[in-house]
Amino acid sequence: MSRNLPLLASAEVVKHNTQNDCWVTLYNRKVYNVSGFIDQHPGGGDIILPYAGKDVTAIMADTISHEHSESAYEMLDDEMLVGYLATDEEERELLNNKNNTPVEVRLEDSSSVDLYEFHDSLPPAEKLAIQTDYEEDIKKHKFLDLNKPLIPQMLCSTFSKEFYLDQVHRPRHYGKGSAPLFGNFLEPLSLTPWWVVPAVWLPPNFYIFYVGFVNQDKLVALSFWVMGLFVWTLVEYCMHRFLFHLDGYLPEHPVALTLHFLLHGVHHYLPMDGYRLVLPPTLFVLLAYPFYKLVFAIFPFYMACSGFAGGTLGYILYDVIHYVIHHTKLPQFLQDIKTYHLEHHYKNYEMGFGVTSRFWDVIFETEITSTFQKRN
């Protein structure tokens, strides 16, 4: 299907930025005239006006601000679509289009991007907020139905391990909050807001640091604290690579695949789910306990306190940074960290295991570069 609508320069779209003359773009491609809809918007016109003349992809996908159904997107296409935002190359062509002849643009080519496939380069950030078509996804790929709880489907599945690993690492976007895992009273236990991590763990972390700091030489305490931070970076890398991505060593059994899905697979399957980006406190306790026993067995008590405080602070920073990478627009000097981790999701999940840095990826030759591309 195609629409014979004009290409519009970005400078033209920006002019329509008032309540009576309000245009917005979606996916930085479709242009809509929403002037007549502002007063009818269920969430209030005040939500739309700050985006007059701008792109609304991210805010429409933000369920915290105001959840949008599929019908909302359909209404935009059916009733308010007035044109297509020209790319840089098309804008140059428009300069030579003296008669302003409308240019036919294919709807499916103008805004869609197949996030299911791996990419040689990272898709634009706004494309990551495009909701997966649930019905089309299950019909085409025959993996998991996002309309239904995921864990029962995993437990009852007959997927081969090879099929599961291929599918679970091809990202989808639920687009309506968090996809249901259990569909029952266990559901809240699977959801962890990012702020829970610093709220729960910073107070005991500061206390352990204090105990170590005041009961031994300050230089010794700080040295062990820094050492703990550094050791954490190696632990982060090893856990991500050898535990979370224990892919090739999984038993070919639905229970094993389900445990993999719960531990890390769901994050690769739905990487933009904001409530499944950090470790629930109970899981952190289980994973941290062996390290706690090891550190306090090797070092004298107060040295162990300083080292363990440094290591756990590293974990806290890691989880917060992981959330920020997925859900916050970072300053330019931090953008490289965000891009690198998203490439692990959308480009090559078998490389790039460092989240807070790529230091150990360089050391162990697992850095994502143009040389290493994920196979399709």
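# A predicted model, question by question

Q: Is His345 buried or exposed?
A: Keep in mind that this is a predicted model. The relative accessible area of His345 is 0%. Buried means under 20%, so with that 0% His345 counts as buried.

Q: Which side chain makes a polar contact with the side chain of His345?
A: To place the residue, His345 belongs to helix α15, residues 335-346. Its side chain has a polar partner at 3.1 Å. That partner is the side chain of His267.

Q: Which residues does the UniProt annotation "binding site" cover?
A: The annotation comes from an unreviewed UniProt entry. Its residues span 20 positions in sequence, yet no two of their C-alpha atoms are more than 10.6 Å apart, so they gather at one spot. The residues that the record covers are His326 and His345.

Q: What is the relative accessible area of His326?
A: His326 sits in helix α14, which covers residues 301-327. The cut-off for buried is under 20% relative accessible area. His326 is buried, because its relative accessible area is 4%.

Q: Which backbone oxygen does the side chain of His326 reach?
A: Beyond its neighbours within four places in sequence, His326 is in contact with several residues, including His267, Met272, Lys338 and His345. Pro271 is also one of these contacts. At 3.0 Å, the side chain of His326 reaches the backbone oxygen of Pro271.

Q: In what order do the 4 strands of the open sheet lie?
A: The pairing in this sheet is mixed. β2 (7-8) and β3 are the edge strands, each pairing on one side only. Reading across the sheet, the order is β2-β5-β4-β3.

Q: How many bridges join β3 to β4?
A: β4 covers residues 30-33, and the two strands run antiparallel. Among the facing residues, Trp23 stands opposite Asn33, while Leu26 has Lys30 as its bridge partner. The number of bridges joining β3 to β4 is 4.

Q: Which residue takes a positive phi in the hairpin of β3 and β4?
A: This hairpin has 3 residues between its strands. The phi in question is near 60°. The residue that takes it is Tyr27.

Q: Are the residues on the two faces of β3 buried or exposed?
A: β3 runs over residues 23-26, with Trp23 and Thr25 on one side. Val24 and Leu26 are on the other side. Both faces are covered, and these four residues are all buried.

Q: Which helix supplies the largest share of the largest nonpolar core?
A: That core has 22 residues, and Cys22, Leu26, Tyr32, Val34 and Met60 touch the most other members. β3, α3 (57-61), α4 (70-80) and β5 (81-85) each supply at least two residues. The largest share, 3 residues, comes from α4.

Q: How many residues does the other core have, the one that includes Leu144 and Leu270?
A: In the largest core, Leu26 is one of the members that touch the most others, and its contacts include Tyr32, Val56, Met60 and Tyr73. Apart from that core lies another, with Ile151 and Tyr174 also among its residues. Its count is 20 residues.

Q: How many disulfides are there?
A: A disulfide needs two cysteine sulfur atoms within 2.5 Å. As for individual cysteines, Cys156 is exposed at 66% relative accessibility, and Cys238 is partly exposed at 28%. The count of disulfides is 0.

Methods
Residues are numbered from 1 along each chain as its sequence is written. This is a predicted model: local features need pLDDT of at least 70, side-chain atom pairs count only at pLDDT 80 or more; totals for chains, interfaces and linings use all residues. Side-chain values use heavy atoms; hydrogens and water are left out. Buried means under 20% relative accessible area, exposed over 50%, partly exposed in between (1.4 Å probe, protein chains only). Two strands pair if DSSP finds at least two bridges between them. UniProt positions are given in the numbering used here, feature names are shortened, and annotations may be inferred rather than shown by experiment. Contact means heavy atoms within 4.5 Å. A polar contact is a pair of N or O atoms within 3.5 Å; within protein, one must be able to donate a hydrogen and the other to accept it, and residues adjacent in sequence count only if both atoms are side-chain atoms. A nonpolar core is a set of buried Ala, Val, Leu, Ile, Met, Phe, Trp, Tyr and Cys residues joined through side-chain atoms within 4.5 Å.
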